[in-house]
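Biologist: Before we discuss any single feature, could you put the model in front of us and then take me through how each kind of feature is to be read?

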Amino acid sequence: RIVQQGTVLLKVDPGGYKLEKNRSEAVVKAVRAQIAELKAKEQSAANNLKIDERALTLARTELGRVRTLYDAGNAPLTDVEAAERAVLSAEKTVQGYRNTISELPVSRRVLEAQLLQQQAGVATTQLDLARTEVVAPFTMRLREVNVGLQQSASAGQVLVIGDGIDVFEI
């Protein structure tokens, strides 16, 4: 039997490949959402850092004022200690936001690497889907067909052998 170039010789069930592609695309969307969430956390931490740096400045000013009053004998030691605790608390909060701001970019880079990996998975499944149809690369005479309808085939199995008809021997 002679088949023309471009004729579909056989089709492989694409169901498994479609499922894998959908799964990979869902993971890509999830990783993108995580990256967006980290960016939002980064922005939020930066905004909170500015606010708490101002609060730290105010706490330090208050500590200086209370120490001056204490040195003049107009404030008790407990007021100085309370002001010092307020400064320490504000410093701890500011340092926490600084740590968060320095850690989030690293987490984002990890997610971006995962995103690239998952996008490669999507591309791989697209290639696999494209390979579910075997098309005659040239006009040929089918010499041997080793697979039938609804039959499974294993990787590496020779399914069709065809001979070109553009050259002949006499």
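Modeller: What follows goes through helices, salt bridges, burial and contacts, and a pocket, in that order. This is a predicted model, in which local features need pLDDT of at least 70 and side-chain atom pairs count only at pLDDT 80 or more, while totals for chains, interfaces and linings use all residues. Residues are numbered from 1 along each chain as its sequence is written, and side-chain values use heavy atoms, with hydrogens and water left out.

Biologist: How is a helix delimited, and what span does α1 reach from its first C-alpha to its last?

Modeller: Helices (H or I, at least four residues) and strands (E, at least two) are DSSP runs, numbered from the N terminus, and the expected span of a helix is 1.5 Å times one less than its number of residues. Helix α1 has 57 residues and reaches 82 Å between its first and last C-alpha, which is close to the 84 Å expected at 1.5 Å a residue. After α1 comes G73, with a positive phi near 85°.

Biologist: What should I look for in a salt bridge, and how many does the structure hold?

Modeller: Side chains of opposite charge can pair when their charged atoms come close. The criterion here is a side-chain nitrogen of Lys or Arg within 4 Å of a carboxyl oxygen of Asp or Glu, and the structure holds eleven such salt bridges. One of them joins the side chains of K21 and E25, at 3.4 Å from N to O.

Biologist: How far apart in helix α1 are K21 and E25?

Modeller: An α-helix has 3.6 residues a turn, so residues three or four places apart point the same way. K21 and E25 are four residues apart in helix α1 (residues 15-71), which means that about one helical turn separates them. Another pair in helix α1, R65 and E62, lies three residues apart, again about one turn, and the closest N and O atoms of its salt bridge are 2.6 Å apart.

Biologist: How is exposure graded, and which grade does R131 have?

Modeller: Buried means under 20% relative accessible area, exposed over 50%, and partly exposed in between (1.4 Å probe, protein chains only). R131 is exposed, at 56%, whereas D128, its partner in a salt bridge of 4.0 Å from N to O, is partly exposed at 23%. In the pairs of α1, E25 is partly exposed at 28%, as are R65 at 44% and E62 at 33%.

Biologist: Which residues does the buried Q118 touch, not counting residues up to four places away in sequence?

Modeller: Contact means heavy atoms within 4.5 Å. Q118, found in helix α2 (residues 77-130), is buried at 18% relative accessibility, and with that sequence exclusion it touches R23, S24, V27 and V28. S24 lies in helix α1 and is buried at 2%; leaving aside neighbours within four places, S24 is in contact with Q118, G121 and V122.

Biologist: Finally, how is a pocket defined, and how much space lies in the largest pocket?

Modeller: On a 1 Å grid over the protein atoms alone, a pocket is an open set of points where a 1.4 Å probe fits, with protein on both sides within 12 Å along at least five of seven lines, and lining residues have an atom within 4 Å of a point. A volume is the space filled by probe spheres set on the points, and about 630 Å³ lies in the largest pocket. Of its 25 lining residues, the closest to the centre are L10, K11, V12, V147 and L159. The elements giving two or more residues to this lining are β2 (8-11) and β4 (140-145), and β2 supplies the largest share, four residues.
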